[in-house]
Structures are given as structure tokens and as C-alpha cells.
Amino acid sequence: MTAFDYRHGELYAEGVALSAIAAEYDTPCFVYSRSAIEQAYQAWDSALQGVPHLVCFAVKANSNLAVLNLLARQGAGFDIVSGGELERVLAAGGEPSRIVFSGLGKTAAEMRRALEVGIHCFNVESAAELERLQQVAAELEIKAPISLRVNPDVDAKTHPYISTGLKENKFGIDIARAPDVYRRAAELSHIDICGVDCHIGSQLTDDTPFIDALQRLLQLIDGLAEEGIQIRHLDLGGGLGVTYRDETPPSPGAYLAKVREALAGRDLTLLFEPGRSIVANAGVMLTRVNLLKPTEHKNFAIIDGAMNDLIRPALYSAWMGIDAVKPRSDVAAQAWDIVGPVCETGDFLGKDRELALSEGDLLAVRSAGAYGFVMSSNYNTRPRAAEVLVDGEQTHLVRRRETVAELLAGERLLPED
Ligand SMILES: Cc1ncc(COP(=O)(O)O)c(C=O)c1O
Ligand SMILES: N[C@@H](CCCC[NH3+])C(=O)O
């Protein structure tokens, strides 16, 4: 049984009917399952038992404080990409010593704060960033722990917008240049070389590119060791895909078994930065059919959720499952385009979905736990949705819906002429 299943003819999140959640918290809203998040984290952690490791949840995938807090309680580390994400992790009770800081545009202020709280490691993405970090660390009289994020030039075979490990991508340091940058790092007084890092892309459904990247990093590590530069940890990033429709990605257990095999006999701590594979299928977006608009060419079901709430279909042409919360048999099923009210042709959540629909029906957009709420915006002055966490029979409102008044509050008119 999964966290979101039909019972008594309607869709439940754990022990709670989604219709009850919609009645209490209104729509659109995001609904997460505590047990699904915890089980997904455990799938990673337990597959790494017996090897020194740290599973750093990629905060960008879902940064709700309650979600981060659940993961912190499980012993997770965190992968952050901004000062804002750092503050979220700290507010959620995450251990600073379990945080890795990725991202190619860290500011001096972000570096300073991360050094002050004592994070585990900076994943440095350029020679310029290394020099800046040295300077900030020297001012604070602290040694900055670093990995270089290496770009291993492997094709992750995923959507071009979420592929990150190719030469032409902006991320990381070209693997051919990495030894030079390590040599420079070894000369710097306030830099402590800890690891090597890579992240080649997201939603990978085949583990071959990960293993190719791993082999390239091992060659780099061996070359550095010959020069006396010792690498203590290997961070393979995130990127493991999930099933949205009919993809068959390896499970964390299957993927990690291959990684462990490739690393047998080596004394390296393993770090990972999974995001999507921990939270995507632990969440749905609940939305209501506002109006039906059948036309000669297409049938449109206009829902109260939109691209500002869930941008994945508009941005990547991503396919997300859409199911009726209470499937009905009193009207005929037909093909509907599920569209939002936003003034963009790209504002659709799904196209040609065979559904039996009436006005007011509730729909659940599946796999919305990752890159859902976090990518939402206020486009068309739409307040961002609520987030609800289900724990067994209980529901917790973990972020309330914004109000229009809140959206207007930060803006000012010009003084009168
Ligand atoms: C540096 C880094 N680490 C981890 C992740 C998480 O990736 P995913 O959600 O695909 O596991 C990303 C996003 O792709 C990333 O850019
Ligand atoms: N936001 C993307 C993934 C990008 C991963 C971030 N590096 C998605 O929804 O699929």
C-alpha cells in the first residue's frame, strides 16, 4: 500500500480522505505524507549501512520547515544552495555539521554565515569561488572545508534544462582543470580539502551515467593521491529519478549497491544529495475543477490550481499523473485538458486526460512533493497555496495559504507629485 491510495471509493493520504483535507484547508493545496517521506529517506540510509555516509536531502526539492524537521529527526544531512536555505535548515533543527553548501554563485555574506555556523563542506564550483572563500575564511580565522564540484562531462540523458554534468553546462569545474584547482586549494592557508563532488543532472532513470561519473572521479582521486592530496569523501550528488508515468528508475537500494561495488576496498566517506527521490511521490497537489469548457476542438477543465502553483508541466513539458479524488460513474469519461486560469497558453497541468468530470470535482496531481510548492510564484497575483502534512489519522497545516493582503503589503505607491 502506498501513502496515496483509494479506499471506500475515494483517494486517501495515509488515514485521511483528501476530500476532508480540501474541505478544511481549501484548494489548491499541497498534501504530504509523513510516512512516505520517512520511508524514502530510510531507503537511502539503510542501503548505506556499514559504510560511513551522509545522506544530505536537497532542500531545493521541498523546503517546508516541517518536512525538513522530519528529515532532521531521521538523522539526515542537508544540501543547500543559498543563505535562505541555510536559515531554513537551522530553523528546522538541522545540524550545521551535516550541511553541504552547493551552488555556483555563493556570496561572501553567505560564505561567512555558513563558516560561522560550522557547516560540513562547501562544494566549490569555480576557481574564483575558491579564492573568495579563502579570503572570507581568513578574515574569520577559520579553515573552510571544501570539495570541488567537478563537471565530469557525462550525458545524464535527461531533460536538457535539468542536465548539469556536460561541458557546456554552467555547473562545476571541468574535470580536466580540477587537478590544477586542487593544487591551488592545497596552497591556501584557510582551505581544508575534504572531498570531491559532482551532480550530473536530475530525474535520471538509468544508473549508467552515475557509475561513469563515479569512475571518472575515482581516477581524479587517485591522481591527486599521487601528488599527496588526500580526498576523504566522495559526494555523488542527487539526481535519482522517480516514476511519474511509466519510467523505471533503479531504486536507491539497487543504485547504491552498484556504487558500493565500484568503491569496494576504498576508504572514502560517501555523500549523496537526493531531493526528488525522497519527496516527489510523498506529495500531491489537490485542486478543484472550477469550470468545464467543452469546445469543438478540445475539452478544457479549468481548475483552481495553475502553473504558478505547479510549474513543472509548463517549464519542462513534464507529465504528472492526475486522478479524480472521488471517481464518478454518473458522467461519461472523455479527454480533458486540465488547465489553470493563468493568462498563458502554457498554463496546463495535463493534456488529453481521460477523466469523468463535473464542476466542483477534486483532482489530485501526483508526484507533486518535489519541485512543486518550492517553485510556485505569485504570477497573476495568486496567493501561494497551503501545505498540509498527514501523519496517520492526523493532518497538520504546515504552511497556511497566503492572502492577497500579504502580497500587497510590501509594495509602496510613489509620493504624490
Ligand atoms: C547540486 C545539486 N544537488 C542535488 C540536487 C537534487 O537533485 P534531485 O532532486 O534530482 O535528487 C540538485 C538538483 O538537481 C543539485 O543541483
Ligand atoms: N526543478 C526541476 C529539477 C531541477 C533540479 C535542480 N537542480 C524539476 O522539477 O524537475
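The protein averages a pLDDT of 96, and 98% of its residues score at least 70. This is a predicted model. Its ipTM is 0.98 and its pTM is 0.97.

**Ligand shell**

Ligand 1 is surrounded by 15 residues. The closest are Ala58, Ser202, Gly238, Gly275 and Arg276. By class, the shell around ligand 1 holds eight polar, four nonpolar and three charged residues.

**Domains**

The domain assignment gives two entries: domain 1 and domain 2. Domain 1 is made of two segments, 4-31 and 280-409. Domain 2 covers 103-272. Their C-alpha centres lie 36 Å apart. Contact between them involves eight residues of domain 1 and five residues of domain 2. The side of domain 1 that touches domain 2 divides into five nonpolar and three polar residues, with no charged ones.

**Two helices**

Helices H1 and H5 can be set side by side.

| Helix | Residues | Buried residues | Arc of buried residues |
|---|---|---|---|
| H1 | 18-25 | Leu18, Ile21, Ala22, Tyr25 | 100° |
| H5 | 108-117 | Glu110, Met111, Ala114, Leu115 | 130° |

Start with H1. Which of its residues are buried? They are Leu18, Ile21, Ala22 and Tyr25. Viewed down the helix axis, these buried residues fall within an arc of 100°, so they line one face of H1. Just after H1 comes Asp26, with a positive phi of about 70°.

Now H5. Its buried residues are Glu110, Met111, Ala114 and Leu115. Why do they line one face of the helix? Seen down the axis of H5, they fall within an arc of 130°, and so they share one face. On the other side of H5, Ala108, Ala109 and Glu116 are exposed. Glu residues thus appear in both lists: Glu110 is buried, whereas Glu116 is exposed.

What covers the buried residues of H5? The cover includes two helices, H4 (83-91) and H6 (127-140). It also includes strand S7 (99-101), strand S8 (121-124) and strand S9 (144-151). After H5 comes Gly118, whose phi is positive, near 85°.

Definitions and conventions: Residues are numbered from 1 along each chain as its sequence is written. Chains are lettered from A and ligands numbered from 1 in the order in which they are written. This is a predicted model: local features need pLDDT of at least 70, side-chain atom pairs count only at pLDDT 80 or more; totals for chains, interfaces and linings use all residues. A residue is near a molecule or strand if its C-beta atom, placed from the backbone, lies within 6 Å of it. Ala, Val, Leu, Ile, Met, Phe, Trp, Tyr, Cys and Pro count as nonpolar, Asp, Glu, Lys and Arg as charged, and the others, Gly among them, as polar. pLDDT is the predictor's confidence in each residue, from 0 to 100. Domain bounds come from an automatic or database domain assignment. Two residues are in contact if their C-beta atoms, placed from the backbone, lie within 7 Å. A residue is buried if 20 or more other C-beta atoms lie within 10 Å of its own, exposed if 12 or fewer, and partly exposed in between; C-beta atoms are placed from the backbone. Helices (H or I, at least four residues) and strands (E, at least two) are DSSP runs, numbered from the N terminus. The arc is that of the directions from the helix axis to the C-beta atoms.
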